[in-house]
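Biologist: Before I rely on any part of this chain, I would like to go through it with you, beginning with confidence and moving on to the strands and the surface.

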Amino acid sequence: GYWDKINKLYEAIQNYIPEPVKPGIRVSMDNFFNAMQKLQENPESTAARQTLVEAASSLGGTLSGVIKGFESYSKALNDEVKTSVDQANRILHEIASLNKQIYQLKALGQNPNDLLDQRDLLLDKISRMMGVTFQEPLKVGDTNGEFFMTLNGRTLIQGTVARLEPVAATTTIVTGAAHVAA
């Protein structure tokens with residue numbers, strides 16, 4: 001669920017910024033600022049200058065590694081978001097299609113229990129993916145009323161129609177929050 005995703009995010013961040021367990025950015029920055037201070041104390045020292053150059057190079061390498069790690073993780077998150085959106089859209093379309101079949105069988109006076117069971121499995125699956133709410137006001141033998149599924153007040157399914165907005169082929173992660181391009 002949600003907290004599992006948050007935990008995975010924190011674990012990934014710790015892979016790229018392993019402090020305090022392993023040396024990382026803090027150690028590189030401390031070395032850089034210590035080298036700057038040594039050079040400030042003795043500006044004519046060739047050794048102090050060389051130490052500062054090495055410390056700056058090391059800090060740059062460390063920061064570059066962190067950036068590459070975050071870029072890689074960002075791409076993986078984008079791919080995961082895209083896959084999840086595609087999977088959710090497929091499930092929503094399947095539910096809408098099952099609703100159509102269920103309504104047709106009910107209109108003919110037949111029992112759609114198998115289809116209702118299939119839909120219940122899909123409802124469980126989509127409920128684990130996102131915080132949807134759904135209701136079906138149909139009573140036994142009643143063919144009036146519609147199945148509704150909403151997410152944050154937006155209708156995703158109304159009766160036999162999945163009301164989905166198209167999702168672009170790419171997604172982006174912006175300042176730590178997922179943003180699906182539309």
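The questions and answers below concern a predicted model.

Biologist: Which element of the protein chain has the lowest confidence, and which the highest?

Modeller: Across the protein chain the average pLDDT is 83, and 85% of the residues score at least 70. The mean falls to 38 in the element of lowest confidence and reaches 95 in the one of highest confidence. These two elements are strand β6, residues 177-180, and helix α2, residues 25-41, respectively.

Biologist: Over which residues does pLDDT stay under 50?

Modeller: The stretch in question has 27 contacts in the model that reach beyond four places in sequence. Its pLDDT nevertheless stays under 50 throughout, and the residues concerned are 167-182.

Biologist: What is the order of the strands in the open sheet, and which of them stand at the edges?

Modeller: Strand β1 (residues 132-135) pairs with strand β2 (residues 148-151) in the antiparallel sense over 4 bridges, and β2 is joined to strand β3 (residues 154-158), again antiparallel, by 4 bridges. The open sheet has 4 strands with antiparallel pairing, in the order β1-β2-β3-β4. Each edge strand has a single partner, so one side of it is left without a neighbour in the sheet, and the edge strands are β1 and β4.

Biologist: Which residues stand opposite T150 on its two neighbouring strands?

Modeller: T150 lies in β2, where it is the bridge partner of T133. Towards β3, T150 stands opposite T155. The residues asked for are therefore T133 and T155, while β2 and β3 themselves form a hairpin with 2 residues between them, in whose turn N152 has a positive phi of about 50°.

Biologist: Is T160 buried or exposed, or does it fall in between, and which residues does it touch?

Modeller: T160 is found in the loop between β3 and β4, and because its relative accessible area is 35%, which lies between the limits of 20% and 50%, it is partly exposed. Although T160 and N99 are 61 residues apart along the chain, their C-alpha atoms are separated by 5.4 Å. Leaving aside residues up to four places away in sequence, T160 touches A96, N99, K100 and Y103.

Biologist: What is the area of the nonpolar surface patch that includes M36?

Modeller: M36 has its place in helix α2, and at 36% relative accessibility it counts as partly exposed. Because a patch takes residues with over 30% relative accessible area, the value for M36 passes that limit. Together with M29 and F33, M36 makes a nonpolar surface patch of about 270 Å².

Notes: Residues are numbered from 1 along each chain as its sequence is written. This is a predicted model: local features need pLDDT of at least 70, side-chain atom pairs count only at pLDDT 80 or more; totals for chains, interfaces and linings use all residues. Side-chain values use heavy atoms; hydrogens and water are left out. pLDDT is the predictor's confidence in each residue, from 0 to 100. Contact means heavy atoms within 4.5 Å. Patches are made of residues with over 30% relative accessible area and no salt bridge: like charges are joined within 9 Å, nonpolar side chains (Val, Leu, Ile, Met, Phe, Trp, Tyr) within 5 Å. Accessible areas come from the Shrake-Rupley method with a 1.4 Å probe; for residues, only the protein chains shown count as cover. A salt bridge is a side-chain nitrogen of Lys or Arg within 4 Å of a carboxyl oxygen of Asp or Glu. Buried means under 20% relative accessible area, exposed over 50%, partly exposed in between (1.4 Å probe, protein chains only). Two strands pair if DSSP finds at least two bridges between them.
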